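Welcome, and please open your viewer so we can walk through this model together. At each stop you will get something to select and a short account of what is there.

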Amino acid sequence: MSQKPDAPRAWQRMLSGRRLDLLDPSPFDIEIEDIAHGLARVARWNGQTIGDHPFSVAQHSLIVEMILRVKNPNLPVEAALMGLLHDGPEYVIGDMISPFKSAIGVGYKDIEERLEAAIHLRFGLSPHPTKALKKKIKEADRISAYFEAVHLAGFEVKEAKELFGRPEGLSEDQLPIKPWSTQQAQAAFLDRFHSLHGLLDS
């Protein structure tokens, strides 16, 4: 997308040196190290969680991928990788809580979908998950949100159940729900990505 010389800057420089155009993102400007670095430093729940560290989107993404596999034992590798990357765009646009996303409307969704497509294409995936897979990822996302809400964000069980539904067949003991340090979350996210992507290439 060409811009007029006086148009506001729409790209962000990454630590890798890449410059990612947020309005017209190219897969060639996306690096997994930038994604892991960013997601490990983006706090879920606007940082309103207990613990010595913020609960990062990177750690949340790992939990969602874990839940997705537990709920779908025969999940293809590509689907698991999409689950891990389901919040990938947030490495540049941040984690906005759902009520704020709704208030912003389609403009935010459009940017998010362009970033998702660029990220997926960069790593050899379909631009977007199928409708069926998207539903499964959303279910895993809501299960993670339930446990986060109750154990980290101060929600009562009744309220969390009304908002996210009550998880069946899973408990917080099965999930790494205690917030990790930035470095631990970043390293774990990268390790899991490389494990899955290696299987995708094999």
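Two residues are in contact here when they have heavy atoms within 4.5 Å of each other. Keep in mind that the model you are looking at is predicted.

**Stop 1: Ile32 and its partners**

Select Ile32. Which residues is Ile32 in contact with, leaving aside its neighbours within four places in sequence? Light up Leu85, Phe123, Phe189, Leu190, Phe193 and His194, and you have the set.

**Stop 2: two helices that pack**

Now select helix H1, residues 32–39, and then helix H9, residues 182–201. Two packed helices are described by the angle between their axes and the distance between the axes. For H1 and H9, the angle is about 145° and the axes are 8 Å apart. Their crossing is right-handed.

Zoom in on where they meet. On the H1 side, show Ile32, Glu33, Ile35, Ala36, His37 and Leu39. On the H9 side, show Gln186, Phe189, Leu190, Phe193 and His194. What kinds of residues make up this contact of H1 with H9? You will find 7 nonpolar, 3 polar and 1 charged.

**Stop 3: the largest nonpolar core**

In soluble globular proteins, nonpolar side chains tend to be buried together. In this model, the largest nonpolar core has 52 residues. To find the members that touch the most other members, select Ile30, Ile32, Ile35, Leu85, Tyr91, Phe123 and Phe189. You have already met Ile32, Ile35 and Phe189 where H1 and H9 come together.

Next, colour the elements that give two or more residues to this core: H1, H2 (57–71), H3 (77–84), H4 (90–93), H6 (106–122), H7 (131–151), H8 (157–164) and H9. Which of them gives the largest share of the core? That is H7, with 8 residues.

**Stop 4: aromatic rings**

A pair of aromatic rings is described by the distance of the centres and the angle of the planes. Counting rings whose centres lie within 6.5 Å, there are 5 aromatic pairs in the model. Select Tyr146 and Phe147 to see one pair: the ring centres are 5.4 Å apart and the planes stand at 80°, so this pair is edge-to-face. The cut-off behind that name is an angle over 60 degrees. Are these two residues buried or exposed? Both Tyr146 and Phe147 are buried.

Then show Trp45, Phe155 and Phe164 together, and you will see one aromatic cluster.

**Stop 5: Trp45 and Asn46**

Stay with Trp45, which lies in the loop between H1 and H2. Trp45 has a relative accessibility of 17%, so this residue counts as buried, the cut-off being under 20%. Look at the backbone here too. Most residues other than glycine have a negative phi. Trp45, however, has a positive phi, near 60°. Move on to Asn46, in the loop between H1 and H2, and you will find a positive phi again, near 50°.

**Stop 6: Trp11 and Ser16**

Jump to strand E1, residues 11–13, and select Trp11. Its relative accessibility is 34%, so Trp11 counts as partly exposed. Beyond four places in sequence, Trp11 is in contact with Arg19, Leu20, Asp21 and Leu22. Try a distance as well: from Trp11 to Asp24, C-alpha to C-alpha, is 9.0 Å, with their positions 13 residues apart in sequence.

Ser16 comes next, in the loop between E1 and strand E2 (19–21). At 43% relative accessibility, Ser16 counts as partly exposed. Outside its neighbours within four places in sequence, Ser16 is in contact with Glu31 and Asp34.

**Stop 7: two buried glutamates**

Finish with Glu65, in helix H2. Is Glu65 buried or exposed? With a relative accessible area of 1%, Glu65 is buried. Show what Glu65 touches, not counting residues up to four places away in sequence: Ala80, Gly83, Leu84, Arg192 and Leu196.

Last of all, select Glu112 in helix H6. Glu112 is buried, with a relative accessible area of 12%. Draw a line from Glu112 to Gly198, 86 residues apart along the chain, and their C-alpha atoms are separated by 26 Å.

Notes
Residues numbered from 1 in each chain as written. Predicted model: local features only at pLDDT ≥ 70, side-chain atom pairs only at ≥ 80, totals over all residues. Heavy atoms only, no water. Axes fitted to C-alpha atoms, helices over the stretch in contact; angles between N-to-C directions. Helix = DSSP H or I, 4+ residues; strand = E, 2+ residues; numbered from the N terminus. Left-handed = near helix turned anticlockwise from the far one by under 90°. Nonpolar A, V, L, I, M, F, W, Y, C, P; charged D, E, K, R; others polar. Core = buried A, V, L, I, M, F, W, Y, C linked by side-chain atoms within 4.5 Å. Buried < 20%, exposed > 50% of the residue type's maximum accessible area, 1.4 Å probe, protein only. Phe/Tyr/Trp six-rings, centres within 6.5 Å; stacked < 30°, edge-to-face > 60°.
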